[in-house]
Amino acid sequence: MRKLCPNLDLENALDTVLEVPIPEEMYNGPIPDMRAWLKGQAFDKACETDACTGFDQTTTVRPQMARISEIQMLMVLSTPLIPCPIPHDRAFSRSIHDRSVQASTARYILQQYIAATGGQDALQSVDSMYAVGKLHICTSAFYTDMEEEGMQPKGKGEYGTYVLWQKTPELWYFDFIMAGCKLTMGCNGHVAWKQSTMKRSCITKGPPRPLRRSLQGLDPRATANIFSGAVCIGEKTISEEECFILKLDASPAALQDRSSDGVEVIHHTIWGFFSQRTGLLMQLEDSLLLCMKSPTRLGPSRDGGDSGVYWETHSESVVGDYRYINGINIAHAGHTTGTMLRYGSGAVNHKLKIEETWVIEEADFNLSGLTSDYFLPPADLNEGSKAQDK
């Protein structure tokens with residue numbers, strides 16, 4: 001990972017210190033691509049097409065915009081939020097005998113997971129953390145045949161890198177760079193937001209929720225707490241390990257909070273697969289279905305009529321390479337496979353497959369001097385943040 005970049009304008013000038021380290025695969029690309037990437041870090045350049053592409057100015061606008069749309073889609077699909085807010089340390093306080101058999105079984109499985117990742121005292125001592133990771137993403141072309149199997153990736157894919165800062169699950173800040181474009185997301189405990197070199201800043205609908213990436217073996221405390229409301233639904237073999245399956249559905253109230261006049265979130269479910277031998281999380285699955293309604297068709301989306309276009313995403317993340325850092329056992333590598341389906345009345349059916357391989361390069365816990373001021377939303381969202389606080 002590179003943390004310094006040569007000054008591209010002055011030969012004898014000092015190197016540029018990068019806010020987000022970049023993989024060698026990105027650094028070794030053509031110099032024009034590197035220059036475009038550096039420009040892309042400035043959000044006031046978002047209106048300039050070449051700020052987030054490596055294309056020459058002589059290239060036509062349409063290929064540029066298609067390229068921007070593709071990168072934007074990949075970055076959004078790589079940074080989903082979990083179905084609902086994380087309860088505060090519910091996994092450490094709820095009794096194993098106060099619920100149904102399936103829920104009590106899930107509670108027992110989580111006790112083994114807590115022990116395997118460092119124990120209750122170690123996990124509850126974590127106040128803050130950061131992680132630096134790199135990833136490689138490949139995507140297939142769009143398929144109109146919804147039943148088509150064996151979709152193959154196109155091209156060599158894209159390399160990216162990210163930095164995650166977190167102070168308890170409620171406060172987090174995420175920088176993600178890929179293909180010369182930058183995406184920033186964060187949460188100040190009241191609202192979650194995002195901004196990028198391709199789109200203006202916006203507040204995420206509904207209550208603030210952490211990134212799914214934190215649950216991929218990186219934050220055991222948050223993982224235990226989010227699955228504290230889950231039920232055990234069976235067993236499955238993952239990577240030659242017999243695993244228990246825990247399932248958690250977002251509540252109707254949580255789905256309603258995330259819906260709007262034009263978008264209805266129908267369901268959002270996650271599954272955790274925990275090894276019976278080690279107690280560790282081996283796989284995380286996520287399924288989301290929403291309906292987007294045009295202004296002329298606003299109304300119930302499940303009334304038996306044709307009232308919207310459906311978008312369905314499903315992802316499976318196999319995590320591994322667990323290593324201890326300051327007494328906390330976290331995953332340092334994983335592979336995610338995802339599919340996106342688009343269907344509905346008046347829409348062209350689309351199917352897309354995405355594969356992502358990621359590695360954690362650096363991580364640490366309980367950082368000195370990390371205050372809530374580091375998680376403030378962008379200036380242009382302050383008014384919206386204050387409005388929601390009221």
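## Aromatic rings

In this predicted model, Tyr113, Phe227 and Phe274 are joined into a cluster by ring pairs. The count of aromatic pairs comes to 7, and among them is the pair formed by Tyr310 and Tyr343, which is stacked, with 5.7 Å from centre to centre and 15° between the planes. This pair links distant parts of the chain, since Tyr310 belongs to strand 13 (residues 309-325) and Tyr343 to strand 14 (residues 328-344), with their positions 33 residues apart.

The two tyrosines fall on either side of the 20% limit below which a residue counts as buried. Tyr310 has a relative accessible area of 18% and is therefore buried, whereas Tyr343, with a relative accessible area of 26%, is partly exposed. A ring also takes part in an arrangement with a charged group: the charged end of Arg213 sits over the ring of Tyr162, at 4.8 Å from the centre of that ring.

## Cavities

A search of the whole structure yields 3 cavities of 30 Å³ or more, and the largest cavity has a volume of about 100 Å³. This largest cavity is lined by 13 residues, of which Val126, Gln166, Thr168, Asp219 and Arg221 are the closest to its centre. Helix 6 supplies the largest share of the lining of the largest cavity, with 3 residues.

## The surroundings of Gly206

The loop that runs between strand 8 (202-203) and helix 6 (220-226) contains Gly206. With a relative accessible area of 23%, Gly206 is partly exposed, because the buried class is reserved for values under 20%.

When neighbours within four places in sequence are left aside, Gly206 is in contact with Asp257 and Arg258. The C-alpha atom of Gly206 is also separated by 7.6 Å from that of Ala254, a residue 48 positions away along the chain.

## The chain as a whole

The secondary structure of the chain comprises 8 helices and 15 strands, and 48% of its 390 residues count as buried. Among the contacts in the chain with a separation of 6 or more, 61% are between residues 24 or more positions apart.

The accessible surface of the chain amounts to about 18,600 Å², and carbon and sulfur atoms account for 52% of this area.

Notes:
Residues are numbered from 1 along each chain as its sequence is written. This is a predicted model: local features need pLDDT of at least 70, side-chain atom pairs count only at pLDDT 80 or more; totals for chains, interfaces and linings use all residues. Side-chain values use heavy atoms; hydrogens and water are left out. Helices (H or I, at least four residues) and strands (E, at least two) are DSSP runs, numbered from the N terminus. Buried means under 20% relative accessible area, exposed over 50%, partly exposed in between (1.4 Å probe, protein chains only). Contact means heavy atoms within 4.5 Å. Accessible areas come from the Shrake-Rupley method with a 1.4 Å probe; for residues, only the protein chains shown count as cover. Rings of Phe, Tyr and Trp (its six-membered ring) pair if their centres lie within 6.5 Å; planes under 30 degrees apart count as stacked, over 60 as edge-to-face and the rest as tilted. A charge sits over a ring if NZ of Lys or CZ of Arg is within 6 Å of the ring centre and within 35 degrees of the ring normal. On a 1 Å grid over the protein atoms alone, a cavity is a set of points where a 1.4 Å probe fits but cannot get out, and a pocket is an open set with protein on both sides within 12 Å along at least five of seven lines; lining residues have an atom within 4 Å of a point. Grid points are joined across faces, edges and corners, and a volume is the space filled by probe spheres set on the points.
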